[in-house]
Amino acid sequence: MSDIYESAATTLGLVNSPCLTKVELRVACKGISDRDALSKPDPCVVLKMQSHGQWFEVDRTEVIRSSISPVFSKVFTVDYYFEEVQRLRFELHDISSNHNGLKEADFLGSMECTLGQIVSQRKLSKSLLKQGNTSGKSSITVTAEELSGNHDYVELAFSAKKLDDKDFFSKSDPFLEIFRVNDDGTGSLVHRTETIMNNLNPVWKSFKVSLNTLCSGDQERELKCTVWDWDSNGKHDFIGEFSTTFKEMKAAMEGKQLEYSYTADFAGGRLIVHPIASYTFAIKFPPIAQRQAVRRNGDFKSLPGVSIQWECINPKYQVKKKNYRNSGVVMLTQCKIIKMHSFLDYIMGGCQIQFTVAIDFTASNGDPRNSCSLHYIHPYQPNEYLKALVAVGEICQDYDSDKMFPAFGFGAQIPPDFKVSHDFAVNFDEDNPECAGIQGVVEAYQNCLPKIQLYGPTNIAPIIQKVANSASEEMHTKEAMEYFILLILTDGVITDMADTREAIVHASHLPMSVIIVGVGNADFSDMQMLDGDDGILRSPKGEPVLRDIVQFVPFRNFKHASPAALAKSVLAEVPNQVVDYYNSKGIKPKCLSDFESSRAFSP
């Protein structure tokens, strides 16, 4: 990382904050105007980030001499946070060959956007704006790509045979431990199998573990495996150990060629291949295939029945016993890599965030005409409802291509007959409750206040069910195209808790998350049960939620903080909720070509 990036990162508060992932940005420009008739421009793009209203330089590309359509090789690497609005500014400068600084460079134009806009579209093209925000013929294209770690899991299964018998009156009770050997030589326990009682030929259950946990993403990292005989007093007897790597496991189970020479023994129609000293392959062959296999010199691609096994060695016995061979053999019976897609895999594959807001219009908010009301529209200061709405909506809007957001109200008597409704359209258009942008939601909210009568009770199950109906339609497509986020703004404890719990349990099976912000100074302690952080939420019938999809926060906790702090708190869990849903359903992200052919983006 360059010094200038470290400086900017510190200024922007990016150093100590854990990021969701890193994103690479590649930049190209087109149609840059010639500086004069005799020469072409020498373009350079400067990337800036905004913090507290100020722009700070993060990094810059190389200077490309004499080019009106440069494609820069420099790649910007930035930390990505879904729950934050990360404002970026790309400035194009013409830097003279005599200078590399910006002070004497000619400003050719700039483009401002958010990182969310770039990753949601994957490739963002816009006109470069000159001084005075006038649009010229030149344009800039920014392409995003996730620089991800390894999110994949692996499913492993082991068995053993002819283990040493450590018990006098029965057979050994073996279990297997797998340790990852760290860079400092220490070991970290990765997995401990169950104990198989009274069995010298155990078959342990398969288990899943992330590749990061198993080997820190390094497939050649040593894995030390130890077999024990379980004792009820906790003083387990050591049977033996062996070492391997995930690369060896993977290569053997895929039947790939190993870069080792081997010796081979034939016995009873079986070919025993010894690639290296620590483990062997056992392969069953018809007699004709035996000679063919030896001539293939270690290439097992066409050989049937490959299984990998290791001799389980007790070092003390190896020294003391003259004819000691091993204390048994451990076999790998399954090695299956499970692809785990990331949040950005889905977003860049075209998954849209469908944002819906529901606002509490119960009488406990107070008369909107009174300055003490939570719904009072101050000419200079937005109320808490508006602050929460804008803070969360400003994030989500970057992930919705049409920028149209349904807005509903609950707990009010509405025209024309002034009956109580718990899911009415704030714009009073039941056929089309969508508002144009977050500003459209704000205007619809302000316009509806004089037309309704605040009433009650505080029932939110109907609005959860309404959004769940839309999410249910999306679920049946079995594609990762729309994920629904419902923001509920309420001033008090809900009165339909049983129905709400039932609705949330149902919604946990759908591509949907629910965010509840408590506005005002009410006692929200009963609302915490809806948030699964302190335990598993269950329906009145006892059915547990499939996923934790609810996040509840009281607005007063952020009253003296920036709106960004509220958004960060309530949206931080959304990426994992999206990934958990689609991975649990086995739904893969759409590839970019499929996505671009099926949906056009708004500029």
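## Exercises on a predicted model

An open sheet of three strands is ordered 23-22-26, and its pairing is antiparallel. Strand 23 (419–421) and strand 26 (453–454) are the edge strands with a single partner each, so one side of each has no neighbour in the sheet. The structure is a predicted model, and the exercises below start from this sheet.

### Exercise 1. The sheet and its loops

Task: describe how strand 22 and strand 26 are joined, and find the cis peptide bonds in the loops that follow strand 22 and strand 26.

Solution.

1. Strand 22 covers residues 412–414 and runs antiparallel to strand 26, with two bridges between them.
2. One residue pair can be named: Gln413 has Gln453 in strand 26 as its bridge partner.
3. The loop between strand 22 and strand 23 contains Pro416. The peptide bond joining Pro415 and Pro416 is cis, with omega about 5°.
4. The loop between strand 26 and helix 10 (461–475) contains Pro457. Here the bond from Gly456 to Pro457 is cis, and omega is near -5°.
5. For context, most peptide bonds are trans.

### Exercise 2. Aromatic pairs

Task: classify the pair Phe524 and Phe552 by ring geometry, and state which parts of the chain this pair ties together.

Solution.

1. The whole structure holds 16 aromatic pairs.
2. For Phe524 and Phe552, the ring centres are 5.6 Å apart and the planes stand at 55°, so the pair is tilted. The cut-offs behind this step are under 30 degrees for stacked and over 60 for edge-to-face.
3. Phe524 belongs to the loop between strand 28 (512–518) and strand 29 (550–554), while Phe552 is in strand 29, so the pair ties together parts 28 residues apart in sequence.
4. Phe524 and Phe552 are both buried.
5. Tyr581 and Tyr582 form an edge-to-face pair, with 5.0 Å centre to centre and 75° between the planes. Both of these tyrosines are buried as well.
6. Elsewhere, one aromatic cluster consists of Phe158, Phe207, Phe242 and Trp310.

### Exercise 3. Lysines over rings

Task: state which tyrosine ring lies under Lys321 and which lies under Lys568.

Solution.

1. Lys321 is placed over the face of Tyr317, 4.1 Å from the ring centre.
2. Lys568 has its charged end over the ring of Tyr81, at 5.9 Å from the centre. The distance cut-off for a charge over a ring is within 6 Å.
3. Tyr81 appears again in Exercise 4, among the residues that line the largest cavity.

### Exercise 4. The cavity

Task: give the volume of the largest cavity and break down its lining by residue class.

Solution.

1. The count of cavities of 30 Å³ or more comes to one.
2. The volume of the largest cavity is about 50 Å³.
3. Its lining is made up of Tyr80, Tyr81, Phe82, Glu84, Val85, Gln86, Thr114, Leu115, Gly116, Ile395, Asp398 and Tyr399.
4. By class, this lining comprises seven nonpolar, three polar and two charged residues. Gly counts as polar in this scheme.

### Exercise 5. Positive phi and a hairpin

Task: locate Arg122 and Lys478, and decide whether each is buried, partly exposed or exposed.

Solution.

1. As background, most residues other than glycine have a negative phi.
2. Arg122 is not a glycine, yet its phi is positive at about 70°. Its place is the loop between helix 2 (115–121) and strand 7 (123–129). Its relative accessibility is 26%, so Arg122 is partly exposed.
3. Lys478, also not a glycine, has a positive phi of about 55°. This residue lies in the loop between helix 10 and strand 27 (482–490). Lys478 is exposed because its relative accessible area is 66%.
4. Strand 7, which follows the loop of Arg122, pairs with strand 8 (residues 135–147) in the antiparallel sense over six bridges. In this pairing Ser125 is opposite Thr141.
5. Strand 7 and strand 8 make a hairpin with five residues between them, and Gly132 in the turn has a positive phi of about 80°.

### Exercise 6. A contact across the sequence

Task: place Gly350 in the fold and give the separation of its C-alpha atom from that of Ala480.

Solution.

1. Gly350 is in the loop between helix 7 (343–348) and strand 20 (352–360).
2. Its relative accessibility is 0%, so Gly350 is buried.
3. Gly350 and Ala480 are 130 residues apart along the chain, and their C-alpha atoms are separated by 7.7 Å.

How values were computed: Residues are numbered from 1 along each chain as its sequence is written. This is a predicted model: local features need pLDDT of at least 70, side-chain atom pairs count only at pLDDT 80 or more; totals for chains, interfaces and linings use all residues. Side-chain values use heavy atoms; hydrogens and water are left out. Two strands pair if DSSP finds at least two bridges between them. Helices (H or I, at least four residues) and strands (E, at least two) are DSSP runs, numbered from the N terminus. Rings of Phe, Tyr and Trp (its six-membered ring) pair if their centres lie within 6.5 Å; planes under 30 degrees apart count as stacked, over 60 as edge-to-face and the rest as tilted. Buried means under 20% relative accessible area, exposed over 50%, partly exposed in between (1.4 Å probe, protein chains only). A charge sits over a ring if NZ of Lys or CZ of Arg is within 6 Å of the ring centre and within 35 degrees of the ring normal. On a 1 Å grid over the protein atoms alone, a cavity is a set of points where a 1.4 Å probe fits but cannot get out, and a pocket is an open set with protein on both sides within 12 Å along at least five of seven lines; lining residues have an atom within 4 Å of a point. Grid points are joined across faces, edges and corners, and a volume is the space filled by probe spheres set on the points.
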